[in-house]
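Please open the structure in your viewer and keep the selection tool at hand. We will walk through it stop by stop, and at each stop you will be told what to select and what is there.

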Amino acid sequence: MCIVHEKSITPFINIVGNNEDEYDYPRMEHSPRARVLSIASRKAALFNIIFIGLLFFIVLSPIASAQTTLWSYTFNVNGTLLEAGSMNESSSPYFWLNSGGKMVFKNGVGVIEGPLSSIDPTRLMYASMNPLDTSNGYYPHNTLRLVAKQSWGNIDESIKFKIIKTNMTDTPNRDGYSGAFLFGRYKDSNNLYYVGIRHDGQAVIKKKINGTYYTLAEKQVFGLQDQYNRTSNPNLMPHGQWMRLRASFENLSDGSVRIKMYLDKTGSGAYANILTTTDKGTGGAAITASGKAGVRTDFMDMQFDDFVIRTVN
């Protein structure tokens with residue numbers, strides 16, 4: 001198992017602190033008594049080491065073959081990640097903020113919140129390029145798209161999140177289908193899978209091919225769908241409570257892709273399998289090639305923690 005901690009590298013601009021973890025491995029020190037061991041004792045000791053090593057190899061090898069490689073980001077480096085025009089232009093070696101203006105990393109969480117200052121360069125940029133969906137640039141994170149730079153094939157990804165508030169931006173693009181999502185097999189913004197919870201309380205698995213969305217599975221998990229109203233009841237998801245969203249993408253031998261969605265409503269780590277579906281070519285061939293993973297959120301102030309990706313060895 002391989003764990004990558006973002007704290008070992010300073011990946012952001014405007015760094016406030018850099019709390020690097022350092023791992024010291026214990027060194028074996030030889031006592032005077034150990035240096036005068038007899039040849040027989042040394043042979044016996046060597047035999048025991050070889051025997052124990054072989055035993056561990058025999059016992060643990062089957063387990064090791066089933067382990068996963070773990071990539072983990074815990075938002076423990078303070079700083080600000082700004083939106084970039086391309087992945088290569090991003091200041092982070094881990095993420096590309098494709099949309100959303102900026103994400104602030106502080107106190108061990110990633111934060112997106114508004115309103116921005118009237119003179120903030122990000123606000124001014126969005127006031128010019130997308131005033132409709134961002135309340136004249138004050139809430140650029142209404143269209144957050146955070147892409148992990150590395151590519152993966154079969155993965156199990158998860159993130160911990162908390163909704164602070166729903167932004168009542170006056171745009172037709174804020175509706176029941178807005179929400180919080182993980183995505184996988186990302187080729188570009190027009191070709192990927194989405195898994196998540198919508199403002200109307202529905203869990204969904206969607207596929208986007210050449211810019212067109214296809215619903216692969218859906219289920220009501222918060223409230224009743226007819227309780228949603230974009231003005232009086234604009235978001236049925238709980239606010240002010242940590243939750244965890246999890247998704248897996250797995251290629252099958254027949255060329256299809258099995259996709260699962262899990263939800264932990266209390267943030268405790270106890271997941272329930274909400275949806276399972278298999279893409280056998282809906283709207284086009286299943287997306288079997290490796291791709292990026294990431295997070296999408298719409299019209300909400302939020303906090304994030306523990307973005308984890310597991311890949312089967």
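Begin by selecting Lys106, which counts as partly exposed because its relative accessibility is 34%; here buried means under 20% relative accessible area, exposed means over 50%, and partly exposed lies in between, with a 1.4 Å probe and protein chains only. Add Glu113, which is also partly exposed, at 44% relative accessibility, and you will find that the side chains of Lys106 and Glu113 meet in a salt bridge of 3.5 Å, N to O. The term salt bridge stands for a side-chain nitrogen of Lys or Arg within 4 Å of a carboxyl oxygen of Asp or Glu, and by this rule the count comes to 11 salt bridges.

Before you go on, note that this is a predicted model, in which local features need pLDDT of at least 70 and side-chain atom pairs count only at pLDDT 80 or more, while totals for chains, interfaces and linings use all residues. Residues are numbered from 1 along each chain as its sequence is written, and side-chain values use heavy atoms, with hydrogens and water left out.

Next, select Arg244 together with Asp264, whose side chains meet in a salt bridge of 3.8 Å, N to O. Asp264 lies in strand 14 (residues 257-264) and Arg244 in strand 13 (residues 242-251), so this pair ties together parts that are 20 residues apart in sequence; helices (H or I, at least four residues) and strands (E, at least two) are DSSP runs, numbered from the N terminus. Are these two residues buried or exposed? Asp264 is buried, with a relative accessible area of 0%, and Arg244 counts as buried at 17% relative accessibility. Now add Asp306, which forms a salt bridge with Arg244, the closest N and O atoms being 3.9 Å apart. This pair links distant parts of the chain, since Arg244 is in strand 13 and Asp306 is in strand 17, 62 residues apart.

From here, turn to the largest nonpolar core, which has 52 residues, and select Trp71, Phe95, Met261, Phe304 and Phe307, the members that touch the most other members. A nonpolar core is a set of buried Ala, Val, Leu, Ile, Met, Phe, Trp, Tyr and Cys residues joined through side-chain atoms within 4.5 Å. Strand 17 (residues 300-312) gives the largest share of this core, five residues. In soluble globular proteins, nonpolar side chains tend to be buried together. A second, separate core of 10 residues includes Trp96, Phe183, Tyr186 and Val204.

Now select Ser92, which sits in the loop between strand 3 (79-82) and strand 4 (95-99) and is buried, with a relative accessible area of 1%. Its side chain reaches the backbone nitrogen of Phe95 at 3.1 Å.

Another loop to visit is the one between helix 3 (121-129) and strand 7 (143-148), where you can select Tyr139. Tyr139 counts as buried, at 15% relative accessibility, and, not counting residues up to four places away in sequence, among the residues it touches are Gly114, Lys165 and Asp301, where contact means heavy atoms within 4.5 Å.

For the last stop, select Ile159, Phe181, Leu245 and Phe304, which are among the residues that line the largest cavity. Strand 8 (155-166), strand 9 (179-188) and strand 16 (292-298) each give two or more residues to this lining.

Terms used:
A polar contact is a pair of N or O atoms within 3.5 Å; within protein, one must be able to donate a hydrogen and the other to accept it, and residues adjacent in sequence count only if both atoms are side-chain atoms. On a 1 Å grid over the protein atoms alone, a cavity is a set of points where a 1.4 Å probe fits but cannot get out, and a pocket is an open set with protein on both sides within 12 Å along at least five of seven lines; lining residues have an atom within 4 Å of a point.
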